[in-house]
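Here is a short briefing on how the chains of this model meet, and on a few backbone details. Please keep the structure open as you read.

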Amino acid sequence: MLTSAHMMALTPVILVCATAVTVMLGIAWRRQHAATALVSILGLNLALVSLYLVYSAGDVSTPLLVFDRLSMLGMVLVLASTLACLTMSHAYLEGYPGRKEEFYLLMLCAAAGGMVLVASQHLATLFFGLELLSMPLYGMLAYTYRDKRSLESGIKYLVLSAAATAFLLFGMALLYSQSGRLDIAGLLAGLESSGGGAWALAGAGLMLVGLGFKLSIVPFHLWTPDVYQGGPGPAATFLATASKAAVFIVLLRIVMVAPAFHVEWLHTVLGGLALLTMIVGNLLALIQTNLKRLLGYSSIAHFGYLLVALVVADGLAVETAGIYLITYLMTTLGAFGVVTLLSSPYSGEDASALHHYRGLFWRRPYLAAVLTVCLLSLAGIPFTAGFIGKFYIVALGVEAGRWWLVGGIIAGSVIGLYYYLRVMVTLYLVEPGMRGRDAPDNWGMKAGGVVVLGLALLVIAFGVYPTPVIDWMSVLTSPVH
Amino acid sequence: MILLWLVLVPFIGGLLCWQADRWGEKAPRWIALITMMLVLIMTLVLWLQGDYQLPAMNAGADSIRWAMEWKVPWIPRFGIDVHLALDGLSLVLIALTGFLGMLAVLCSWKEIDDRIGFFHLNLLFILGGVVGVFLAIDLFLFFFFWEMMLVPMYFLIALWGHSGSEGKTRIRAAIKFFIYTQASGLLMLVAILALVFAHHANTGEYSFSYADLLQTPLSENMAMVLMLGFFIAFAVKLPVVPLHGWLPDAHAQAPTAGSVDLAGILLKTAAYGMLRFALPLFPEASQTFAPIAMTLGLVGVFYGAVLACGQRDIKRLIAYTSISHMGFVLIGIYSGSELALQGVVVLMVAHAFSAAGLFIMSGQLFERLNTRDLQEMGGLWGRMGSLPGFSLCFVAASLGMPGTANFVGEFMVLFGTFPTAPVVVIIGACGMVFAAIYSLILMQRVYFGPSLNDQKFEGLDGREFTMLLGIFALVVLFGLYPQPLLDTTSAVMGEVQGLFQGSLPAGSVPMSSLAGGGQ
Amino acid sequence: MGVSMSYLPLTFLLPLLGTFILALSRGHMSERGSVWVGVSSVGLAALVTAFITIQFMSGDQSAQTLTLWTWISVGNFTPTIGLALDGLSITMLGIITGVGFLIHLFAAWYMRGEEGITRFFAYMNLFVFSMVLLVLGDNLMLLFLGWEGVGICSYLLIGYYYRDSANGAAAFKAFLITRIGDVFLAIGLFLIFAELGTLNIAAILEQAPAHWATGDSLVRWAALMFLGGALGKSAQLPLHTWLADAMAGPTPVSALIHAATMVTAGVYLIARMHGIFDLAPDVLHLVGVIGAATLLMAGFAALAQTDIKRILAYSTMSQIGYMFLALGVGAYDSAIFHLMTHAFFKALLFLSAGAVIVSCHHEQDMRKLGGLWRRLPLAYMGFIVGGAALSALPLVTAGFYSKDDILWQSLAADQKGLLLAGLVGALLTSLYTVRLIIGTFHGEMKSDHARNAEPGRGLQHGLPLILLAVLSTFIGAMIHPPLSGVLPASPGESTEAGHTALELIAAGTAIAGIALAAWLFLRKREALARLVSGGPGASLWTLWNQAWGFDLLFDRLLVRPFRILVFILRRDIIDALFGLVASITKGLNAGLTRTQTGRVRTYATSMVLGATVVLIFLAFGQ
Amino acid sequence: MNGIPMEHGLILAAILFAIGLAGLMFRRNMVFVLMSLEIMLNSAGLAFIVAGTAWEQPEGQAMFLLVITLAAAEASVGLALLIQLYQRFRTLDTDAVSGMRG
């Protein structure tokens, strides 16, 4: 009973999978790096365009998947960040001695998994999407296995992510055992009526642990810096942007759709975790000298702020989550993009130590300007998108009267200022005999360069004139609740 | 439309300077100078055209009539719009920004010789941000510019400053400056948002505009909490004593242009903020908070003075004197009498000039002796052309010598505050003795006393002479004939006083017999 | 026929112009040029004053005002830059410009060859400008402007020889103590404005009696504040310690500022604000008591000084004590009259001392001088005439008429205590004056400076001394300041009982004093030396030499604690507090980074721990 | 199904899960780490089976099928990485893989 409407709604996912298959066949036929990259980018763009058509066709809901406005938003975010990562990986993999094409394949599969996860409303699809998102990541992280660090990050991510999935599954099983229903809405309705027994709560808790790991919420965050530092540039970027965004959207859906989840006590636990994540995330990064580890910690902190949207879960919450996600994605893609560009073409270890960036402004003014804009946006200074994001989150906290969380945001962003500023100033320091790393001369012309510059301009444009995005966001999120 | 140009000109000028770096060393400097001259001329033109006598807030009418206004919707979702408005107070302060901007460019003509384009970019962005702060009437836009002007100042201190003694590097000072202001700024953001949501709660629609938020009825302690949010943000920037830690470090490490800007204009944005936002938005809360604020002002006066006497670095000494002067400003703002408020405006302008003069002097001393340590100076009187003469004039201004604008400002503040808080004024007047101590200590240690060697230094060249003469002429002009300045801001101050006084029982507090110990 | 007031501003604009020319000359002005500008500006001002005085005296001597522009106008606070001319201010103006001009002339000779003479005359002209403004101001704000201007000029002039840091310290001390006085004056101003709503002196004097009843606590506070201001500026107890050290400046400066004009500003202030003091009789009495106390304290201190300028400084202090005594008993006219005569003979004494100092190559210590009367005849003549006037030699000197008048007024106001103090003071005055003259001019020459002292030549040296000498004699006493109607009637006019008897007693004490001193210091020099070197005598001598130890007291009480406080607060402690917060964050960071061990097992354990904590919380919540 | 009540099954699965976790935490050899991961996934699968049978619904077993496929995929990638671990680090001890820290 797969009606034509279903097919229409599924086209974006189908297109991505089709691209993956074509890339696979392409590899089997003749290994051609540029062609593979081109095909995958084309495929993703097609998916994006089709997404627009599906969006205009209106909502479609099936037991397993739902294609409403929130999943549209999720898919756009996943596709956009994958596109950015792909363009960057092209420049990055130029110098890679081994096989280059499989990287694109893995990324496309991960993207498909992300899209499924975003649209899931059934435990099975949630599990399926999550795993389809994570499995290729093991491969991408350990792609340049000749370099010890990449292998190390791959192994760490595999072991811990598998453990997290086990937690998630066990949680699902317990919830299923209590409610007998696997679709999220029905599951939680069943729980509501049966008065949430100990097992159900344990199940919910374990699910929270599983998803918490993926969002690197504090007690489960220890893997993040090592994996970000070790993994190759584009892989770490994908992990920091697409995968986290997808998981967050699904968590947002659960919180928005499921009233039962409004168990007051679960919110206080989530609130506590959010506060902890903000503070610890920023504290860890205080005197960090490795830029990729620092960006890892800052992504932990930013998801601490984002959790506030989940904790409040009404009024402005969804709109704030959407806006903050967009600003976070743009900024992190920009920042990681610069790191990747500096370390491409691939020549062993990435350029992530701070002394590589000393005095970059006087060698590559525009690249350093992009990084400065991204750091300012992470810190939430006006003229950048980060400021709008922070403004929304603080507004949400104030409207909901959550003074502890608002205090946490302020303390967190103040601590954050310290290390963002420290990094920013090293870009401008002039020291004779600098051992800094340089991007290739014509980096601006290449595809990766264009994306990074575009992102920086987007960050500033969104910071100065956010109305179009805000209007689009309020349209997107209005009918959901 | 001219208001938008007032804000945009510095930013465009800054970008031009950055690019002009390629065409040679002189180009960025001239572009920066011309830009700031343009801003100054625009304000003077505005001042000559518009008359600022008309009462800004006519009785009962809800909307305040600004001298000039320019409004464009920006984020309709929250009722935020780019709302620039000009009245007497902001006009005076923007003219001050223009003038001090020119000074900053002039005094770093020889001092900055590497990365000149980028230096002027930052310098002009600071000035653009400050002009934005003075014009913004929409609270979001105000906060936007308030936070935005910190970044270029941070770069100015971190990249062109000179490192202080024993490990106090300029980057630490820059970061300390940034964090102090940013953290307090965030508190203000929370206060603004709480105010907006309170407004939304009873009128149903979001609005950040100044006129609407003036009418939001707030419960007693809610108003106090929000007022504190605003007050702390402005107290850090003013600076008020417990939160002043950043100023001496920032001044000691900043280049001369940075110090001139910092002391001249950035401190005034805080006082402007209090007069524009903290007082009118929460009149009752400010009224109950007034005694505490005045005591903080007093503490500031004495604490700044005592520390100034103990400093070895000349720029730190001048920084602490600014803390002492700003103590008087705080007393004047919270006294709630129109005379004191007018005195605050004069004192702000006077302090801007005298602090700028002192910092330019210390910059020129650094250029000649390349040290800022008072221990290594002494007996410089006859050996530097007319620089000592000008320093004597600025030191006289800073200790409040009659005939200078500082005296007029300080005394108007004290005269105005006496009926409401006599004890505060009496203790404040004793502060004048301390002002004499630190000012003359500066004079004695640098210029008088035995000189280490009799090496003659070259005197002031044309540029430096005209700069110092210009500032001193203005200080004396406003000291002897401040009326034009007072007329421009009389309407605004009357309105602020009306709002502030409105909450007080009718008439000023009866003069209880002094023997009874006053307030 | 009124005075043509439009010329009046010239009296202070000319010195101001002089200062500008000298200041902006940026060192290109030759010595002759700067002397010429400096002296002529004050000279012209003196001429203008003379012209105005003639017009004023011939007219009906009524008060006139001229307003140049409103200084500030905010609500009812509208001080103006306005000048008021009446008997009192014309007298003071005459003294300032007249004596000022003579001193400037003498300074041209005194400062010949000094480096930075342009700077000297610039400050002197600025001083005359401020003093004239102080005297002519029609409102208290303008008076305060002159008041502070005079203070800063005295600071600059005392610290003129800036190379030696002791002079700097003396200047700093002078400015600081007068500044404390200014604070009291400022508070007085605030009080008056808060109560009467105006700062115009005429308006205040007219509204004060209506606004307050006599003895009202507020008017007593106002009077007390004005008294505080006057004490600071006129170096009376307890704010007097700066005057002795102020002698570090060049002698013409001491003559002009610390004898003739600035120190009398306090007397002028009390005289001008007599309306306020009349409403607070006990404060007025306090003025008299302070005058008497300072008079005695300074008299004894002058006896034990060795530096001729310090003796003259303490003598100035005691003569101003007499003026305060006169004010205390309500004899405003006689106070001003004594002020005028004192200006003449004290300026003469200082200039003669200046002549001696320059001739003896800047040797000021009396113990090193002596036997100069033959070598420096003009200086000796100056000292004789000035000394006589100072110790009020009867009938011949101006001092006799003015001091005797004060003693008579205090008798008429039956203030027995004050009269007694005055008489003892007169005795002390003649004692130390004669000691000074004998010590400096008679006996054998005690150093080679004294031996080859060559006398001053030229008009600039001689003319001021001669003119002032003439004015110190009874001719000077004939100049009666036109104070009729300006100041309230003094007690002496009503009764004449005992006037002649008092005159005889006063003359007797003066002559007895002179005779006793002559006998003591000519015959009994060794006995005195032995007395002073032994036990109690020595301690008494040092006590007087240290001016009753006030300096030591203030140093222990105020200066030392302030220095300690400054030393403690050198490193900003509040800032260190915030530094604490920063170090806590760094500590937390260090702690947390230790959790990042890098081992997979640790990460897994932390995950499990996290899970258990979440589960416990959830169970706990149930 | 009146046989064994569901809770027993769930408790068994929980115990199995706990064993897997313990293995993950204490064992250093990569092989045993992978094995404990397998145990944890299978315990989740068991829980699904027990729940499915309790509610007499096929979903439980469908989920179990998914879990098995995942476990297999996980194991294969894990072993591949294990081989590379041995190639690069000449040891199977996961503690050797801790180059990045702090």
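A residue counts as buried when its relative accessible area is under 20%. By that rule, 70% of the 481 residues of chain A are buried. The model is predicted. The points below cover the fold of chain A, the two interfaces of chain B, and the unusual backbone sites.

**Chain A as a whole**

- Chain A contains 18 helices and 2 strands.
- Its C-alpha atoms fill a box of roughly 70 × 55 × 40 Å along the principal axes.
- The radius of gyration of chain A is 21 Å, which agrees with the value near 23 Å for a compact globule of 481 residues.
- Take the contacts in chain A between residues at least 6 apart in sequence: 81% of these join residues at least 24 apart.

**Chain B against chain A**

- Chain B brings 36 residues to this contact, and chain A brings 42 residues.
- The two chains bury about 3,400 Å² between them, with 85% of it on carbon and sulfur atoms.
- Arg77(B), Phe144(B) and Leu186(B) supply 15% of the area that chain B buries here, more than any other three residues.
- The interface holds 1 salt bridge. Arg77(B) pairs with Glu319(A) in a salt bridge, and the closest N and O atoms are 2.8 Å apart.
- There are 5 residue pairs in polar contact across this interface, both residues being at pLDDT 80 or more.
- Five elements of chain B each supply at least two residues to the side that touches chain A: helix 1 (2-20), strand 1 (68-75), helix 5 (139-148), helix 6 (150-160) and helix 7 (170-203).
- Helix 7 of chain B gives the most to that side, with 14 residues.
- By class, the side of chain B that touches chain A has 30 nonpolar, 2 polar and 4 charged residues.

**Chain B against chain C**

- Here 64 residues of chain B touch 51 residues of chain C.
- The buried area is about 5,100 Å², and carbon and sulfur atoms give 75% of it.
- This interface also has 1 salt bridge. Lys176(B) and Asp575(C) form a salt bridge, with the closest N and O atoms 2.7 Å apart.
- The rule finds 13 residue pairs in polar contact, both residues being at pLDDT 80 or more.
- Elements of chain B that give two or more residues to this side include helix 7, helix 12 (283-309), helix 14 (338-369) and helix 17 (422-446).
- Helix 17 of chain B gives the most, with 13 residues.
- The side of chain B that touches chain C divides into 46 nonpolar, 16 polar and 2 charged residues.

**Backbone sites to check**

- Most peptide bonds are trans, and most residues other than glycine have a negative phi.
- Leu238(B) and Pro239(B) are joined by a cis peptide bond, with omega about -10°. Pro239(B) lies in the loop between helix 9 (220-237) and helix 10 (246-253) of chain B.
- Leu237(C) and Pro238(C) are joined by a cis peptide bond, with omega about -15°. Pro238(C) sits in the loop between helix 8 (217-233) and helix 9 (241-245) of chain C.
- His362(C) has a positive phi, near 60°. Its loop runs between helix 15 (332-359) and helix 16 (377-390) of chain C. His362(C) counts as partly exposed because its relative accessibility is 47%.
- Ala547(C) has a positive phi, near 50°. Its loop runs between helix 24 (535-545) and helix 25 (550-568) of chain C. Ala547(C) counts as buried because its relative accessibility is 7%.

Definitions and conventions:
Residues are numbered from 1 along each chain as its sequence is written. Chains are lettered from A and ligands numbered from 1 in the order in which they are written. This is a predicted model: local features need pLDDT of at least 70, side-chain atom pairs count only at pLDDT 80 or more; totals for chains, interfaces and linings use all residues. Side-chain values use heavy atoms; hydrogens and water are left out. Contact means heavy atoms within 4.5 Å. Buried area is the accessible area (1.4 Å probe) that two parts lose on being put together, summed over both. A salt bridge is a side-chain nitrogen of Lys or Arg within 4 Å of a carboxyl oxygen of Asp or Glu. A polar contact is a pair of N or O atoms within 3.5 Å; within protein, one must be able to donate a hydrogen and the other to accept it, and residues adjacent in sequence count only if both atoms are side-chain atoms. Helices (H or I, at least four residues) and strands (E, at least two) are DSSP runs, numbered from the N terminus. Ala, Val, Leu, Ile, Met, Phe, Trp, Tyr, Cys and Pro count as nonpolar, Asp, Glu, Lys and Arg as charged, and the others, Gly among them, as polar. The radius of gyration is taken over C-alpha atoms; the globule rule is 2.2 Å times the number of residues to the power 0.38. Buried means under 20% relative accessible area, exposed over 50%, partly exposed in between (1.4 Å probe, protein chains only).
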